[in-house]
Amino acid sequence: MKTTDQRPAWLRGVLDLCLLALLDDGEAYGYELARRLEELGFGTIPGGSLYPALLRREKLGHLHAEWRAGDGGPGRKYYALTPAGRTALAQERIAWRAFAGSVEAALATTEARR
Amino acid sequence: MTAATWLERLAHELDALGVPAADAAAIVVEAESHLGEAAADPLASFGPPAGYARLMADALAPEPSAAGTAGSVRAAGRVRARAVAVRKRYRGRTVLDGVDLTVRDGEAVLLIGPNGCGKSTLLRILAGLVRPDGGRVEVDGAVGYAPQHGGLVAQLTPCEQFVLFGRARGLSREAAVRDGCRVADQLGWDAARAPVADALSGGTRQKLSVALAALGAPDLLLLDEPYQGLDLDSAQRFWELLWDWRDRGRAALVVAHAADAIERADAVVELGGAVALRSAA
């Protein structure tokens with residue numbers, strides 16, 4: 001059976017949450033966030049997923065964006081967590097941990113039956 | 001596609017979607033900055049400009065019922081095509097035995113069934129290429145039909161075919177090329193510099209066939225296995241194109257095998273039993 005990289009499909013549901021979590025460390029711009037996610041083992045983060053997620057959270061009031069001049073190139077848009085974003089992060093972190101626990105429980109059940 | 005071309009098309013698509021100029025400029029500059037730093041291929045990283053523009057426009061102005069997913073509740077449009085008790089025999093064999101089907105505006109209907117159950121025949125009947133032996137067929141408006149194989153002019157480039165097919169639909173040379181390249185672009189294919197149809201891969205010929213069928217935005221799109229054998233990414237782009245199509249209020253009927261298609265279509269009609277599995281609205 002052909003194995004495909006399942007990470008993009010899985011990431012789709014949690015990219016927003018991961019971005020909020022990374023920004024809890026301090027402000028960052030898009031490509032910087034993509035690189036940090038890549039370092040964490042998510043694989044390449046397509047711009048086509050990254051920026052819509054950031055914009056969505058900006059419009060929800062979870063992120064505050066600010067433009068800075070780049071080094072020579074076009075400007076960079078820096079994102080920072082707002083208080084509302086911090087609250088959302090706390091809630092979503094709990095919800096995700098419960099969900100991840102359920103997935104783990106399901107996997108462990110079938111493993112135990114072997 | 002070069003980054004400059006991609007960014008230019010992105011700006012054009014954002015404008016077409018009515019995104020305010022300041023927001024559009026920010027979106028373009030951010031993408032430009034990313035492409036510069038990541039040294040990434042724009043199509044690989046961001047997808048087709050049209051698709052990315054739509055994602056960003058949606059993120060800017062979220063709608064309560066997000067368009068672009070199957071199963072979102074939309075008002076059923078007017079009936080665009082209807083088949084009632086359609087029968088067809090080929091060489092003494094019954095291919096279609098009393099098939100009923102309705103396609104409405106704003107609906108992407110999937111037609112499934114085992115091999116030889118008459119899916120392609122039904123499409124050809126709706127396209128007006130084959131006469132049914134019995135029953136009634138009504139199609140209201142212009143039809144764009146992409147056969148499973150063939151239908152292309154072997155020795156013409158995609159752009160030449162856009163011009164040729166576009167003329168039949170009253171499109172100027174420029175409008176035909178722009179329309180055709182735009183659909184190709186949505187499917188992740190750069191048609192502008194592609195060689196003659198004979199030199200294209202099977203998958204690319206399928207994309208060309210879809211782009212030709214969609215030329216001039218006919219009322220009803222009939223597609224026979226448009227992404228059979230293509231990779232997952234192409235299948236996804238294909239469905240995004242279809243969602244876009246139906247979100248603009250047009251109708252589509254698609255023959256496909258892939259199990260994933262059932263979840264993505266608005267309604268499913270199964271032949272070889274002719275049962276409506278799920279109907280929209």
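A residue is counted as buried when its relative accessible area is under 20%. In the predicted model described here, strand β7 of chain B, residues 251-255, meets this criterion at five of its five positions, and the strand is therefore largely enclosed by the rest of the structure. In a regular strand the side chains alternate between the two faces of the sheet. For β7(B), both faces are covered: B:A251, B:L253 and B:V255 are buried on one side, and B:A252 and B:V254 are buried on the other.

Two strands of chain B flank this element in the pairing scheme. Strand β3 of chain B (residues 108-112) is parallel to β7(B), the pairing extending over four bridges, and B:A108 is placed opposite B:A252 of β7(B). Strand β6 of chain B (residues 220-224) is likewise parallel to β7(B), in this case over five bridges, with B:L222 opposite B:L253. The connection from β6(B) to β7(B) involves helix α9 of chain B (residues 232-247), and the three elements make a right-handed β-α-β unit.

Chain A contains an open sheet of three strands in the order β1-β3-β2, with antiparallel pairing. Strands β1 (28-29) and β2 (63-68) of chain A occupy the edges and have a single partner strand each, so that one side of each is left without a neighbour in the sheet. The pairing of β2(A) with strand β3 of chain A (residues 76-81) is antiparallel and comprises six bridges; within it, A:E66 has A:Y78 of β3(A) as its bridge partner. Helix α1 of chain A (residues 7-23) lies across β1, β2 and β3 of chain A, and runs at about 85 degrees to β3(A).

The two chains meet in an interface in which 20 residues of chain A contact 17 residues of chain B. About 1,600 Å² is buried between chain A and chain B, and 67% of this area lies on carbon and sulfur atoms. On the chain A side, the residues losing the most area to chain B are A:Y31, A:Y51 and A:L55, which together account for 33% of what that side buries.

Side chains of opposite charge can pair when their charged atoms come close. The number of salt bridges between chain A and chain B is one, formed by the side chains of B:E37 and A:R76 with an N to O distance of 3.4 Å. Over all chains, the count is 24 salt bridges. Because B:E37 belongs to helix α2 of chain B (residues 21-38) and A:R76 to strand β3 of chain A, the pair joins two chains. With a relative accessibility of 28%, B:E37 is classed as partly exposed, whereas A:R76, at 16%, is classed as buried.

Other salt bridges are formed within chain B. B:E138 pairs with B:R136, with the closest N and O atoms 2.2 Å apart. Relative accessibility is 34% for B:E138, which counts as partly exposed, and 45% for B:R136, which also counts as partly exposed. A further salt bridge links the side chains of B:D244 and B:R248 at 3.1 Å, N to O. Here B:D244 is buried, with a relative accessible area of 9%, while B:R248 is partly exposed, with a value of 47%. Through salt bridges that share partners, B:D244 and B:R248 are joined with B:R54, B:R246, B:D247 and B:D266 into one network.

Definitions and conventions. Residues are numbered from 1 along each chain as its sequence is written. Chains are lettered from A and ligands numbered from 1 in the order in which they are written. This is a predicted model: local features need pLDDT of at least 70, side-chain atom pairs count only at pLDDT 80 or more; totals for chains, interfaces and linings use all residues. Side-chain values use heavy atoms; hydrogens and water are left out. Two strands pair if DSSP finds at least two bridges between them. Contact means heavy atoms within 4.5 Å. Axes are lines fitted to C-alpha atoms, for helices over the stretch in contact, and angles run from 0 to 180 degrees between N-to-C directions. Buried means under 20% relative accessible area, exposed over 50%, partly exposed in between (1.4 Å probe, protein chains only). A crossover is right-handed if, with the strands pointing away from the viewer, the path from the first strand over the helix to the second runs clockwise. Buried area is the accessible area (1.4 Å probe) that two parts lose on being put together, summed over both. A salt bridge is a side-chain nitrogen of Lys or Arg within 4 Å of a carboxyl oxygen of Asp or Glu.
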